[in-house]
Amino acid sequence: MAAEYVTEVDVPKPGDLGPRPWHVRDAKPITVVFGKNGSGKSRFLRACRDMDPDCYHYILPERTGEISYQSSLLDEQTEGRKRQQQSTRNFLQNYRQQVVARIQGYFSTRGNVRAAQLPGDPSDLEMRLSTLLPDFSVELNTKNPPYTFTRTSGGAPITGIDQLSSGEAQILTLGLDILTVAAIWDIENRASRVMLIDEPDAHVHSDLQARFADFLVGVADKYKLQLVIATHSSTLLAAVAQFAKEDAGILYLDRIAPELRVLPMDKYKRELAACLGGHALMGPLFGVPLLLVEGDDDYRIWSQVPRHHVISFAVIPSHGEEIFQYQESLEQLFAALREDQASPAGFALLDRDKSKPTPQEQLQQNIRFIQLACHEAENLYLSDDVLALLGTDWAQATAKLVAQAANYPNKAQQLATAPTWNRTDDDFKNLIHEISAILDTKQVHWTIRVGQAIGRARPNAQLADFLGQEVVTALWGPANPGNP
């Protein structure tokens, strides 16, 4: 995570809260600040920022404005103390214009050079934004405006805030805000890099909150950030705990208390957060099935499928073998809560490399086990349907994998055998990132591509074969003339 992260610090309190500072101890690489309205979360974050504006960046909660470029704002964006002057309150009317101007500030700091050997690579920023918002493609440049933002369905360019939903606008500008400052700090090689994010969940749907948590953890790891996130959202807390695991902690803020201890997000807190914060558990009680999946990559795939509005379900991640314990706990929970148990409340999706319990071995009246027809989720990436999204087919893909194998010395021998691969049965877990890097010119995370292919329509052809009829029928229902 952070190049140097703070574990203990005295944060000066605003004068009306008393003379003694907040003494924070046991801080984690990612700390989630929880507290009711009026507990002082925003004032606490701003007080942290004011200790060292060059190494602490504060993202205020009320974010408005257009996504247009105003060159007059550029001078304020590359120096922490100038950014500090723009965020002394919870509201900034031209917040989005400030963030867009910082794209130019980022290029003026780095230079308009696209080379991964240099820090703060624009291609990495674009990839992370496109992964955060997979319905869009993003290109950063030094033009006016300094970005090209395109909706992938239809290719329509986005030039104004009215072309976005409130959640999309929020996530786009938050992502840009975080990435541009992180990249500038990376270029400057700052030892301390603390990002203070105030209520990122405002106006953002629960599914997008989970995607944003995944984004935050990835950015923190890549750019060596320490994150402090103030929120009211138990969904965001649950998602941060899922992706950050032992790097996450929770701080229950008391505006009066002189000492604040950050509590580790151990296994039990993570499970409770998933239950209490996961909107997913409410789904089966209101007719939306639950889908329990094995890990983070499976969660990334399946959580975006309902965004295409073809099918609906709520996704809960587990951790490998723990899926069997999760299923058992959910089975007991729904047996007590559901009146109508004639059909399952949801499904637990297993890779084919696991043994699927029978109903006699493990009760499945409410949460039924289903299983992929291919080895595991990585195999789905090599189906014809996903390859078509990449503008290629299997013959072209294997030729490309063989041609570029030498660029990956540790995996070259495996990549060179691509023409002999069995796409459904072979294990590609240790190769998937190299395969994706070779085949996808836009460098979108492989899980996003799989989720797009699954979500856009009821799977058929090869993708349906890889998923298996059991999975397709369970999630999309039986085939019929109106539902082929």
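**Exercise 1. Is Thr392 buried or exposed, and why?**

Solution. The model is predicted: local features need pLDDT of at least 70, side-chain atom pairs count only at pLDDT 80 or more, and totals for chains, interfaces and linings use all residues. Residues are numbered from 1 along each chain as its sequence is written, and side-chain values use heavy atoms, with hydrogens and water left out.

Step 1. Recall the classes: buried means under 20% relative accessible area, exposed over 50%, and partly exposed in between (1.4 Å probe, protein chains only).

Step 2. Thr392 counts as buried because its relative accessibility is 17%.

Step 3. Find its place: Thr392 is in the loop between helix H12 (384-389) and helix H13 (394-403). Helices (H or I, at least four residues) and strands (E, at least two) are DSSP runs, numbered from the N terminus.

Step 4. List its neighbours. Leaving aside residues up to four places away in sequence, Thr392 touches Leu387 and Ala397, where contact means heavy atoms within 4.5 Å. The side chains of Thr392 and Gln396 are joined by a polar contact of 3.2 Å. A polar contact is a pair of N or O atoms within 3.5 Å; within protein, one must be able to donate a hydrogen and the other to accept it, and residues adjacent in sequence count only if both atoms are side-chain atoms.

**Exercise 2. Place Thr441 and state its exposure.**

Solution. Step 1. The loop between helix H15 (432-439) and helix H16 (446-455) holds Thr441.

Step 2. Thr441 has a relative accessible area of 69%, so this residue is exposed.

Step 3. Thr441 and Leu390 are 51 residues apart along the chain, and their C-alpha atoms are separated by 8.1 Å.

**Exercise 3. In what order do the strands of the sheet with 6 strands stand?**

Solution. Step 1. The order is S4-S9-S10-S3-S11-S13, in an open sheet with mixed pairing. Two strands pair if DSSP finds at least two bridges between them.

Step 2. At the edges stand strand S4 (56-59) and strand S13 (263-264); each has a single partner strand, so one side of each is left without a neighbour in the sheet.

Step 3. Helix H7 (residues 234-244) packs on this sheet and touches strand S3 (30-34), S10 and strand S11 (248-252). The direction of H7 makes about 165° with that of S3. Axes are lines fitted to C-alpha atoms, for helices over the stretch in contact, and angles run from 0 to 180 degrees between N-to-C directions.

Step 4. Look at one pair: strand S9 (residues 194-198) and strand S10 (residues 226-231) run parallel and are joined by 5 bridges. Asp198 stands opposite Ala230 in S10.

**Exercise 4. Describe the sheet with 4 strands.**

Solution. Step 1. This open sheet has the order S15-S14-S16-S17, and its pairing is parallel.

Step 2. Strand S15 (314-317) and strand S17 (367-371) are the edge strands, each pairing on one side only. From one strand to the next, the twist averages 25°.

Step 3. Strand S16 (residues 346-350) is joined to S17 by 5 bridges. Phe347 has Arg368 in S17 as its bridge partner.

Step 4. Helix H18 (residues 469-476) packs on the sheet, touching strand S14 (290-293), S16 and S17.

**Exercise 5. How many salt bridges does a search of the whole structure find?**

Solution. Step 1. A salt bridge is a side-chain nitrogen of Lys or Arg within 4 Å of a carboxyl oxygen of Asp or Glu. The search finds 20.

Step 2. One of them joins Arg261 and Asp26 (2.8 Å, N to O). Arg261 is in strand S12 (residues 259-261) and Asp26 in the loop between strand S2 (22-25) and S3, 235 residues apart.

Step 3. Another salt bridge joins Asp384 and Arg423 (2.9 Å, N to O). Asp384 lies in helix H12 and Arg423 in the loop between helix H14 (412-416) and H15, so this pair ties together parts that are 39 residues apart in sequence. Asp384 is partly exposed at 36%, whereas Arg423 is buried at 14%.

Step 4. Arg25, Asp26, Glu259 and Arg261 form one network through salt bridges that share partners.
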